[in-house]
Every structure is written in C-alpha cells, then in structure tokens.
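Me: I'm new to this one, so could you walk me through it with a few questions and answers? Let's put the structure up before we start.

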Amino acid sequence: MTLDAHAEKLSFQAEVKQLLHIVVHSLYSNKEIFLRELVSNASDAIDKLRFEALSDPALYEKDSELKIRVSFDADARTITVSDNGIGLTREEAVENLGTIAKSGTREFLSRLTGDQKKDAHLIGQFGVGFYSAFIVADRVTVNSRRAGLGAEHGVSWESAGDGEYTVANIQKATRGTDVILHLKESETDFLNDWRLRNIIAKYSDHLNVPILMQKRTDDGKPTEEWETVNRATALWALPKSQIKPEEYKEFYKYVSHDFEDPLAWTHNKIEGGNLDYTSLLYIPAHAPFDMWSRDKHYGLKLYVQRVFIMDQVEQFLPMYLRFVKGVLDTTALPLNVSREILQDHYTIPKLRSALTRHVLDLLDKIAAEEPEKYASFWKEFGNVLKEGPAEDYTNRARVANLLRFTSTHSEGDGQHVTLQDYVKRMKPEQKKIYYLTAENIHAAGSSPHLEVFRKHGIEVLLLTDRIDEWLTNHLAEFEGKPLQSVAKGELDLAEIAAETPEEKAKEEQKDKELQKEFDGLFKELKASLGERVKEIRLSHRLTSSPACLVREQNAMGPQMERLLKAAGQPVTEVKPILELNPDHLIIKKLQELTEEKQIKEWAFILYDQSLLAEGSPLEDPAAFVKRMNELLIK
Ligand code: ADP
Ligand code: MG
C-alpha cells in the first residue's frame with residue numbers, strides 16, 4: 001500500500017471484538033454458514049442497487065445484469081464472493097464492517113455464558129453476518145466500490161479478525177463488492193467445487209438473484225464459462241406445492257437473520273380485486289433478545305412486483321404481532337413508494353388487516369392442532385400478544401381466544417388455561433370471569449383474596465405478568481362474561497356461594513347484626529389508621545386470614561400502581577379498603593380489647609400484613625417487625 005492510498009490501521013469497536021471471538025468459537029460446528037451469510041449480504045447489496053436505480057438508472061453503469069459470483073482458487077487458497085450491487089464507500093466500510101450499530105448489543109453480549117452450545121443458540125438469534133467469514137478464514141479482504149462513483153473511489157478493507165483492520169483507497173473499475181477469504185490451513189475442504197455448489201443449493205437456492213460459478217474441466221480446471229447454480233426465483237412467488245419445508249426454513253433465515261428454524265409460517269397469494277399481494281410470514285421459534293427495547297426495529301421486507309423496496313416496514317402488522325418476520329410483495333403500492341408515502345397510503349389499512357388475519361389464522365391453527373407448539377409460542381410471545389385486545393378492537397375476540405393463563409384449576413406449571421376452558425367450567429350461577437393479579441405465582445396462589453373462591457370451588461385466573469393489568473383494563477369481557485378482579489369491589493356472594501334468595505336474605509340479616517356488633521371496633525381501628533385506608537368493613541372473601549385490602553371497582557390495582565410509580569409516572573393514589581374477617585379468632589379477640597394503645601398496634605399489624613400479602617411495600621417495615629416481635633413475646 002502506498003501512502004496516497006491513505007492506508008489506515010483501525011481498531012474494531014469493543015463489541016465487534018467480542019462478537020468476533022464468540023462467532024468464531026461457538027459456530028465452528030456449523031462453519032459452512034459463512035457462505036450463506038456472505039451470499040445473503042451480496043444479495044442485499046443487489047436489492048439495494050435495484051431499488052436506488054429505480055430513481056437513478058445511471059447507477060447501473062451499463063451493467064444491469066445483477067448477479068453474484070462465487071469462485072475459488074485452490075493454489076492461492078482463497079474463496080471469493082463478488083456482487084455487482086450497491087457497493088461500499090470507504091466511510092461505509094469502516095462504519096458497517098468495523099462497528100455494530102444494533103442497539104442492545106452490549107447487553108446481549110453480557111448475557112453470553114462462555115458455554116459454546118448455549119452461546120451458539122443466543123448468537124443465532126442475534127444474527128451472525130459478515131463476521132462469520134472469520135470462522136474459516138484467517139484473513140478477509142473486502143474490495144468495494146459504491147455504484148455511481150468513479151473507479152478511483154474504491155476501498156480495500158482487510159483484517160485478520162484479531163481486533164484490527166486496515167482500510168485503503170484502491171482503483172476498482174467494476175461496481176460492487178468482492179469479499180476474498182484467505183482460508184485457514186484447516187479449511188482446505190472448502191476449496192472444492194462440489195462442496196461449494198452444495199452449500200449454495202442448501203442455503204441460497206431461493207435468493208432472488210442468480211448465483212454463478214465457473215464451469216470446470218474434467219480435471220477440475222476453471223473455464224471462462226459461468227453457470228447459474230441456484231434457482232434464482234423469489235421463493236414466495238412460487239406455488240406452495242413447489243416449495244419444500246427446508247426451503248421455507250432457509251428463506252426464513254435469510255429474511256430474519258435468525259439462525260434457527262422458524263416455529264411456523266403462512267404463505268398466501270391473493271389475486272384479483274384491488275388488492276393483489278403475496279405474503280410469506282413467519283413466527284420465530286424464540287423471541288429476539290431485544291424484543292422489549294424501545295428502539296428495536298421490526299417489520300416486513302417490502303417488495304413491489306418482485307423488486308425489493310425496503311426493510312423493516314412496520315405498517316403492515318399491528319404492534320402486538322411485531323415478532324412476525326417475512327416478506328410482502330404487492331402490486332397495490334407504486335414502485336417509487338417511500339417511507340413517507342407508506343405512512344398514509346390508502347392500501348395500508350387493507351393490507352394490514354389482511355396480514356393480521358393470516359397471522360391470527362395461523363395461530364388458531366397451531367393452537368387447535370399442535371398444542372405443544374402453541375405452548376412454546378406462548379412462552380416466547382404471549383406477553384406481546386396480550387397487547388392485542390388494547391390495540392386491535394376488531395380482532396379483540398380472536399386474540400382473547402388465543403390467550404393462555406394459569407388459574408386455580410390449572411395443572412402443572414405454565415399457562416394453559418384458555419378463556420373458553422374457564423367459561424366451560426363456570427358454575428351455573430356464576431356470571432363473571434374472576435382473576436387475581438399478583439407479583440408472582442406464589443403470591444397469587446396464597447393470596448387471602450382467593451379464600452372464599454377456593455371454598456366454593458370457583459376458578460380464578462392468576463395473572464402475574466406486568467402487562468396483565470393493562471390487558472384486563474382493555475379486555476372487559478369474554479363471550480359476554482365480564483372480567484372481575486377478586487381484589488376489587490364488593491363480592492356478590494349470591495353468585496359465588498350459589499345462595500338462594502332466602503339464604504341471601506338471611507345472610508344479609510346476619511351481616512347487619514355483625515356490622516352493628518363490630519361497628520365500635522372498626523371505628524377505633526379506622527381512627528388509628530387514619531387516611532391510610534378509605535374504610536374498614538366486613539369481608540366475605542376471607543375464610544382463614546383475618547384481613548385483606550380491597551380496591552374499589554374502577555381503581556388501579558396495586559401492581560399497576562407500583563409499575564407506574566417505578567416508571568416515574570404521576571399516580572393518583574386511591575385509598576384501599578381494609579376488609580376484616582369476623583369469623584377469625586384475632587378479630588374476635590380484638591372485640592375484647594379495651595386499651596386504645598393495644599387496638600392501635602393491632603390496627604397496624606392487620607394493615608401491614610394485608611399490604612405484605614398483596615406484595616406492596618410497607619410504609620415502615622422496621623415498625624412492623626418490632627410490633628410482631630412484641631406480640632410474639634406476649
Ligand atoms: P447485516 O447483513 O445483518 O446487516 P452483516 O454483518 O451481514 O449484517 O453485514 C454488515 C453490513 O456490512 C451490512 O449491513 C452492509 O451494510 C455491509 N455489507 C456487507 N456485505 C456487503 C456487500 N457485499 N455489499 C455491500 N455492503 C455489504
Ligand atoms: Mg448479513
């Protein structure tokens with residue numbers, strides 16, 4: 001390299017160094033994928049050129065036959081993947097090959113364990129990309145020139161994958177990129193025509209671009225004649241009957257940058273009417289590591305009449321299906337469509353509702369036919385799907401059918417109870433679907449609020465995900481049955497205990513008497529607790545606990561309240577109601593107390609233990625401990 005080539009030695013970003021190391025070590029057992037990754041990058045580069053050339057045909061530079069060439073040189077021990085795609089400028093080479101822009105990378109890398117098997121699985125979800133070249137090569141050279149720039153604007157990037165790389169200016173007459181792998185001593189196997197053709201057939205048959213290799217003479221010498229070695233038709237455009245499952249899977253890996261097979265897919269071709277489109281949509285097997293990150297990109301690859309337009313188009317699916325990957329090819333949008341035009345193009349709502357339907361159909365089918373597969377889907381994406389009822393009013397009932405819960409009647413662990421199951425098990429007099437929200441399944445299971453439901457054998461859904469309160473706020477009913485929190489409002493015993501009108505009247509009479517009997521005590525307790533509680537009343541929920549806290553019917557639950565507070569949101573505090581169990585020994589004994597100080601101590605003990613039972617923090621934990629200890633001594 002001469003000085004006027006502006007040769008520079010640069011360091012990889014720290015994350016790249018780490019990633020490189022992991023890719024090379026954890027993916028060694030599947031090393032042939034390097035070719036898939038390089039060919040898929042070449043194909044992406046060609047797609048980008050095709051798209052940019054729509055508005056600037058000069059970019060073709062009189063060479064509009066887009067193709068990828070794969071060749072090898074046994075003597076030089078190199079494999080070269082060349083494309084005449086968009087190419088890279090020097091800045092782009094530094095930016096795209098020396099850093100990882102993906103948000104959350106650092107956090108992701110910190111989760112790697114050092115265990116190769118586990119890491120291979122994680123790294124697969126992350127997408128391995130260009131760095132996989134270093135699995136088989138001890139030096140990689142990238143010579144490139146951006147389409148539309150003069151030959152003198154070429155760049156040569158080179159690295160041994162050891163933390164540093166060099167960049168220099170070069171002359172490059174042809175547009176596009178050549179990636180040259182200098183193979184490690186141990187990888188001589190890849191210098192083999194048959195082997196390379198097989199790998200291409202296995203991973204890249206479906207790419208929309210021809211991949212060419214040289215014809216060889218009988219003794220293996222390359223000739224000047226090139227032949228296409230893949231099918232080179234857009235996979236989604238083929239009839240379903242001509243596509244093998246393996247091909248669907250490989251195509252998924254191409255569109256998603258995922259390393260694992262997808263869980264399921266749905267391929268639809270809709271013609272006629274004013275909405276022609278083909279969609280091939282996939283559900284991944286695992287949630288991406290950054291599914292909840294705010295600046296995560298998602299969305300489909302958009303093609304218009306087979307021409308790639310753009311990646312990560314979010315408009316075609318609702319947020320609650322953002323985990324879906326795939327392509328949409330349509331004639332309903334113009335070729336020159338931009339992100340701005342897409343924002344409010346009149347076909348978007350139609351396409352979106354059509355694609356949403358395809359995904360929901362697919363989920364219905366899996367749920368009905370392959371419950372275990374559905375359970376695995378639910379484990380990965382259930383929490384995202386729960387956003388559905390709030391976001392998609394039209395499909396609220398369909399999404400509700402796809403939800404899964406744990407309940408007081410569920411067996412084993414995991415969430416398997418459907419709302420249909422629940423409704424089927426409802427008691428004849430029961431009108432509502434009862435649920436309890438809690439911090440975790442143990443807290444839910446032992447909540448005092450469940451006592452009366454347990455006693456009468458009424459099922460309660462146990463909701464322990466952060467999003468559940470949000471869900472229940474928006475899913476007010478299912479099949480005409482309202483959802484009701486067991487920790488809110490007044491309980492209708494007639495429904496729960498299946499009381500006859502006579503029994504009910506008797507119960508009410510008894511209540512009145514009890515009310516009178518405890519009136520004095522409740523007043524004193526309320527005076528002690530002051531504004532902490534809105535009121536103290538008799539409970540119908542409790543059988544074995546002395547006390548619990550209840551919210552008013554429309555108030556926010558304690559989980560939601562904590563969540564909002566933690567997020568720094570203003571929360572209007574709603575005071576809870578303290579309910580006491582008149583049949584409990586403690587409450588009975590309290591009646592006998594006369595000393596004001598003692599009553600006050602008990603008021604706090606009951607209030608604090610109710611807070612603890614619902615998973616809320618105590619105002620003064622040390623005081624609670626002190627009171628407990630004093631009581632224990634007595
Ligand atoms: P990804 O393909 O997921 O973006 P890669 O690691 O495979 O990640 O590639 C990193 C980046 O390098 C690409 O996004 C692209 O900008 C650039 N790149 C790689 N190969 C090529 C190529 N053949 N032509 C142009 N750019 C390329
Ligand atoms: Mg790539």
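Me: Thanks! Let's begin with the second largest cavity: how much space lies in it?
Reply: Keep in mind that this is a predicted model. The second largest cavity is lined by P288, M291, K296, H297, Y298, R322, F323 and K325. The space in there comes to about 80 Å³.

Me: And how many residues of that lining are charged?
Reply: The lining includes K296, R322 and K325. By class, the lining of the second largest cavity has 4 nonpolar residues and 1 polar one, and the charged ones number 3.

Me: How many cavities of 30 Å³ or more are there?
Reply: The largest cavity holds about 180 Å³ of space, while the second largest holds about 80 Å³. The count of cavities of 30 Å³ or more comes to 5.

Me: Which element gives the most to the lining of the largest cavity?
Reply: This cavity has 19 lining residues, and L436, T437, A487, P558 and Q559 are the closest to its centre. Two or more lining residues come from each of helix 17 (468-474), helix 20 (558-566) and strand 16 (433-437). The top contributor, with 3 residues, is strand 16.

Me: What about classes there: how many residues lining the largest cavity are nonpolar?
Reply: The lining has 4 charged residues and 7 polar ones. That leaves the nonpolar group, and its count is 8.

Me: Strand 16 sits in a sheet, I gather. Which strands stand at the edges of that sheet?
Reply: The sheet is open, has 5 strands with mixed pairing, and runs in the order 15-17-16-19-18. A strand at the edge has a single partner, so one side of it is left without a neighbour in the sheet. Here that goes for strand 15 (406-407) and strand 18 (477-478).

Me: In what sense do strand 18 and strand 19 pair, parallel or antiparallel?
Reply: As a rule, strands of a sheet pair through backbone hydrogen bonds, in either a parallel or an antiparallel way. In this pair, E477 stands opposite P482 in strand 19. Strand 18 and strand 19 (residues 481-485) are joined over 2 bridges, and the sense is antiparallel.

Me: Now the pockets. What is the volume of the second largest pocket?
Reply: There are 21 residues lining the second largest pocket, and W292, R294, E387, R466 and I467 lie nearest its centre. By class, the lining has 11 nonpolar, 3 polar and 7 charged residues. The pocket's volume is about 920 Å³.

Me: Which helix gives the most to the lining of the second largest pocket?
Reply: Helix 12 (388-391) and helix 20 each supply at least two residues of this lining. With 3 residues, the one that gives the most is helix 20.

Me: On to the ligand. Which residue has a side chain with an N or O atom 2.8 Å from an oxygen atom of ligand 1?
Reply: The shell around ligand 1 consists of N41, A42, A45, D83, L88, N96, L97, G129, F130, T177 and H257. F130 uses a polar backbone atom, 2.9 Å from a ligand oxygen, and T177 has a polar side-chain atom 3.3 Å from a ligand nitrogen. The 2.8 Å side-chain contact belongs to N41.

Me: How much of ligand 1 does the protein bury?
Reply: The contacts with ligand 1 include a side-chain one from T177, at 3.3 Å. On its own, ligand 1 exposes 530 Å², and the share that the protein buries is 77%.

Me: Last one: which helix gives the most to the shell around ligand 1?
Reply: By class, the shell has 5 nonpolar, 5 polar and 1 charged residues. Helix 2 (33-55) and helix 3 (90-98) are the elements giving two or more residues to this shell. With 3 residues, the one that gives the most is helix 2.

Definitions and conventions:
Residues numbered from 1 in each chain as written. Chains lettered and ligands numbered in written order. Predicted model: local features only at pLDDT ≥ 70, side-chain atom pairs only at ≥ 80, totals over all residues. Heavy atoms only, no water. Near = heavy atom within 4 Å. Polar contact = N/O pair within 3.5 Å; in protein donor to acceptor, adjacent residues only side chain to side chain. Areas by Shrake-Rupley, 256 points an atom, 1.4 Å probe, with all protein chains shown as cover. Helix = DSSP H or I, 4+ residues; strand = E, 2+ residues; numbered from the N terminus. Nonpolar A, V, L, I, M, F, W, Y, C, P; charged D, E, K, R; others polar. 1 Å grid on protein atoms, 1.4 Å probe; cavity = no way out; pocket = protein on both sides within 12 Å on 5 of 7 lines; lining within 4 Å. Points joined across faces, edges and corners; volume = space filled by probe spheres on them. Pairing = 2+ DSSP bridges.
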